[in-house]
Amino acid sequence: MSNYERIENMLDYMDYIISQVDFDALSDNYDEENEDDDLLDEMNDFDALSDHHDDENEDDDEVLKYLKIRTHHAAAKDGADVESEMMCVICQSEFEHEENIGTLQCGHEYHTDCIKQWLLRKKDCPICRASVFP
C-alpha cells in the first residue's frame, strides 16, 4: 500500500470516527431543533470539500505556499551521534534518505505528500492543531 493510500485510509477513518461523535449532545446547551440545521451545514461543508478537490493542481500550489520543503538526509548509522529516527505522524512511516519533507510554521515536519493531502481536508497541524492558513 502506498503512502498516499495509507493517508487516504487514515483520513477516511478519522472522518468516520469524528462523525460518530455527537458533539452537540456533549454540550450542556444541546438544542434538538438545531440538529437538522447542523446536518445541513455538514452536508454543505462536504459539498464545499468535494468542490475544493476538483482542481487539485491549484489546491496543491495553494498548500505548498504554507510549507517549507527540504530534502531529508538520513544520518550515518555507524556513528555514536546518530539522530533519533524521525517519523511522519500522518502515515506513521520513518523519513527515508532523500525524501521531501514539508515543515509547517509551527515547526512540525511531515512527508510533503502526506501533509498536502492532510491540508486539503483539514486546516491545522495534525500534532498541535495550530492554524496553517490565514
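**Note on the sheet, helix H5 and Cys 125**

1. Start with one residue pair: Thr 103 has Glu 109 as its bridge partner in S5. This is a predicted model, where local features need pLDDT of at least 70, side-chain atom pairs count only at pLDDT 80 or more, and totals for chains, interfaces and linings use all residues. Residues are numbered from 1 along each chain as its sequence is written, and side-chain values use heavy atoms, with hydrogens and water left out.

2. Gly 102 also has a bridge partner in S5, namely Tyr 110. In total, three bridges join S5 to strand S4 (residues 100-103), and the two run antiparallel. Two strands count as paired if DSSP finds at least two bridges between them. Helices (H or I, at least four residues) and strands (E, at least two) are DSSP runs, numbered from the N terminus.

3. What lies between S4 and S5? Their hairpin has five residues between the strands. One residue of this hairpin, Gly 107, takes a positive phi near 100°.

4. Now the other partner of S4. S1 and S4 are joined by four bridges, in the antiparallel sense. Arg 70 stands opposite Ile 101 of S4. In general, strands of a sheet pair through backbone hydrogen bonds, either parallel or antiparallel.

5. Put these pairs together. The result is an open sheet of three strands in the order S1-S4-S5, with antiparallel pairing. Strand S1 (68-71) and strand S5 (109-111) are the edge strands, since each pairs on one side only. On average, neighbouring strands of this sheet are turned by 35° against each other, direction ignored. Axes are lines fitted to C-alpha atoms, for helices over the stretch in contact, and angles run from 0 to 180 degrees between N-to-C directions.

6. Which helix packs on the sheet? H5 does, and it touches S1, S4 and S5. The direction of H5 makes about 100° with that of S5.

7. Look next at Cys 125, in the segment after helix H5 (112-121). Is Cys 125 buried or exposed? Cys 125 counts as buried, because its relative accessibility is 0%. Buried means under 20% relative accessible area, exposed over 50%, and partly exposed in between (1.4 Å probe, protein chains only).

8. Which residues does Cys 125 contact, leaving aside its neighbours within four places in sequence? They are Leu 104, Cys 106, His 108, Tyr 110, Trp 118, Ala 130 and Val 132. Contact means heavy atoms within 4.5 Å. Cys 125 and Glu 109 are 16 residues apart along the chain, and their C-alpha atoms are separated by 9.6 Å.

9. Two residues deserve a check of their backbone angles. Most residues other than glycine have a negative phi. Gln 92 is not a glycine, yet its phi is positive, about 65°. Gln 92 lies in the loop between strand S2 (87-88) and strand S3 (93-94). Its relative accessible area is 46%, so Gln 92 is partly exposed. Arg 129, in the segment after H5, has a positive phi of about 65° and is not a glycine either. Arg 129 counts as partly exposed because its relative accessibility is 45%.

10. Finally, the whole chain. It has five helices and five strands. From the N terminus on, the elements run α-α-α-α-β-β-β-β-β-α. Of the 134 residues, 25% count as buried. Among contacts between residues at least 6 apart in sequence, 51% join residues at least 24 apart.
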